[in-house]
Amino acid sequence: EVSHGMSVLTPDYRVAPEHPYPAALEDAVCAYEWLLAQGWFSEQIIVAGDSAGGGLSLALSQYLRDNDMPLPAGLVLMSPWTDLTASGASYDDNYTLDPLFGNTRESMIYSGEYLGGHSPKEPYISPLFGDFSKLPPMLFQVGGIEMLLSDSVLAEKKAREAGCKTNITIYEEMFHVFQMGLERLEESKNAWAEVKRFVEEFEE
């Protein structure tokens with residue numbers, strides 16, 4: 001009912017600190033290859049992710065392109081974590097405002113647990129530093145008071161400048177992955193309606 005008749009695959013990919021990079025990317029590639037092996041065409045697949053999953057969705061797309069594999073039809077990126085160097089302005093500007101990551105350096109943003117000894121600037125870890133050319137259309141959604149705001153703004157700008165079809169909506173005064181509010185928040189309802197419109201574009 002919630003998926004409006006679409007099939008949904010939610011991969012339980014390995015996560016840090018027990019399984020640092022590249023475990024999550026390997027699992028994402030495996031899940032995508034499984035879908036293709038089941039007979040799904042790449043143009044029938046929309047990859048969606050929030051937070052670290054949003055960054056992983058972008059990294060997956062870059063990996064698929066780099067390895068001459070068919071790309072998904074589109075990407076839905078909710079507050080994606082695209083820059084593990086934490087270099088964007090919002091890491092400072094929203095430090096005291098962000099209710100999830102703000103006012104502390106003791107969080108996944110700064111722990112480095114995902115890196116596994118790799119540089120945070122490696123594109124498949126921080127897709128912001130990767131090549132955005134020839135990637136599929138993407139929808140970015142991000143809260144206006146979250147520290148990861150820059151991760152969406154900068155990634156969308158880079159994708160647009162690379163020739164990708166992009167759309168970004170900044171939901172003012174919203175927190176990280178506010179879409180989890182579902183029907184309880186007006187902004188969350190609006191965000192999911194936006195996702196629905198984005199997805200329906202591929203059904204026409």
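# Questions around serine 79 and its sheet

Student: Where is the place of serine 79?
Tutor: Let's begin with the elements: helices (H or I, at least four residues) and strands (E, at least two) are DSSP runs, numbered from the N terminus. On that scheme, the place of serine 79 is in the loop between strand 2 and helix 3 (90-93).

Student: Before we go on, what kind of model is this?
Tutor: Residues are numbered from 1 along each chain as its sequence is written, and side-chain values use heavy atoms, leaving out hydrogens and water. Local features need pLDDT of at least 70, side-chain atom pairs count only at pLDDT 80 or more, and totals for chains, interfaces and linings use all residues; this is a predicted model.

Student: Thanks! Why does serine 79 count as buried?
Tutor: Buried means under 20% relative accessible area, exposed over 50% and partly exposed in between, with a 1.4 Å probe and protein chains only. Serine 79 counts as buried because its relative accessibility is 0%.

Student: What is the phi of serine 79?
Tutor: Most residues other than glycine have a negative phi. Serine 79 is a residue other than glycine with a positive value, near 45°.

Student: Which other residue has a positive phi although it is not a glycine, with a value near 50°?
Tutor: Look in the loop between strand 4 and helix 6. The residue there counts as buried, at 5% relative accessibility. With phi near 50°, it is valine 177.

Student: How far apart are the C-alpha atoms of glycine 53 and serine 79?
Tutor: Glycine 53 lies in helix 2 and counts as buried, at 13% relative accessibility. Glycine 53 and serine 79 are 26 residues apart along the chain, and their C-alpha atoms are separated by 9.2 Å.

Student: Leaving aside its neighbours within four places in sequence, which residues is serine 152 in contact with?
Tutor: Serine 152 is in helix 5 (residues 149-161) and is buried, with a relative accessible area of 0%. Contact means heavy atoms within 4.5 Å. Apart from those sequence neighbours, the contacts of serine 152 are Ser79, Pro80, Phe140, Gln141, Val142 and Ile168.

Student: What is the bridge partner of glutamine 141?
Tutor: Two strands pair if DSSP finds at least two bridges between them. Strand 3 (residues 138-143) and strand 4 pair in the parallel sense over six bridges. In strand 4, the partner of glutamine 141 is threonine 169.

Student: Which are the edge strands of the sheet?
Tutor: The sheet is open, with four strands in the order 1-2-3-4 and parallel pairing. Two of its strands pair on one side only: strand 1 (46-50) and strand 4 (166-171).

Student: By how much are neighbouring strands of this sheet turned against each other on average?
Tutor: Axes are lines fitted to C-alpha atoms, for helices over the stretch in contact, and angles run from 0 to 180 degrees between N-to-C directions. For neighbouring strands here, with direction ignored, the average turn is 10°.

Student: At about what angle does helix 6 run to strand 3?
Tutor: Helix 6 (residues 186-200) lies across strand 1, strand 2 (74-78), strand 3 and strand 4. Its angle to strand 3 is about 175°.

Student: What pattern does the protein follow along the sequence?
Tutor: There are six helices and four strands to place. Read along the sequence, they give α-β-α-β-α-α-β-α-β-α.

Student: How far apart are the end C-alpha atoms of helix 1?
Tutor: The expected span of a helix is 1.5 Å times one less than its number of residues. For the 15 residues of helix 1 this should be 21 Å, and the distance agrees: 21 Å.

Student: Which helix is included in what covers the buried residues of helix 1?
Tutor: Helix 1 has several buried residues, among them Ala24, Ala28, Ala31 and Leu35. An α-helix has 3.6 residues a turn, so residues three or four places apart point the same way. What covers the buried residues of helix 1 includes helix 2 (52-66).

Student: Which residue follows alanine 16 across a cis peptide bond?
Tutor: Most peptide bonds are trans. The bond in question has omega near 5°, and the residue after it lies in the segment before helix 1 (23-37). That residue is proline 17.

Student: Lastly, what is the radius of gyration of the protein?
Tutor: The radius of gyration is taken over C-alpha atoms, and the globule rule is 2.2 Å times the number of residues to the power 0.38. With 204 residues, a compact globule would have a value near 17 Å; the protein agrees with this, at 16 Å.
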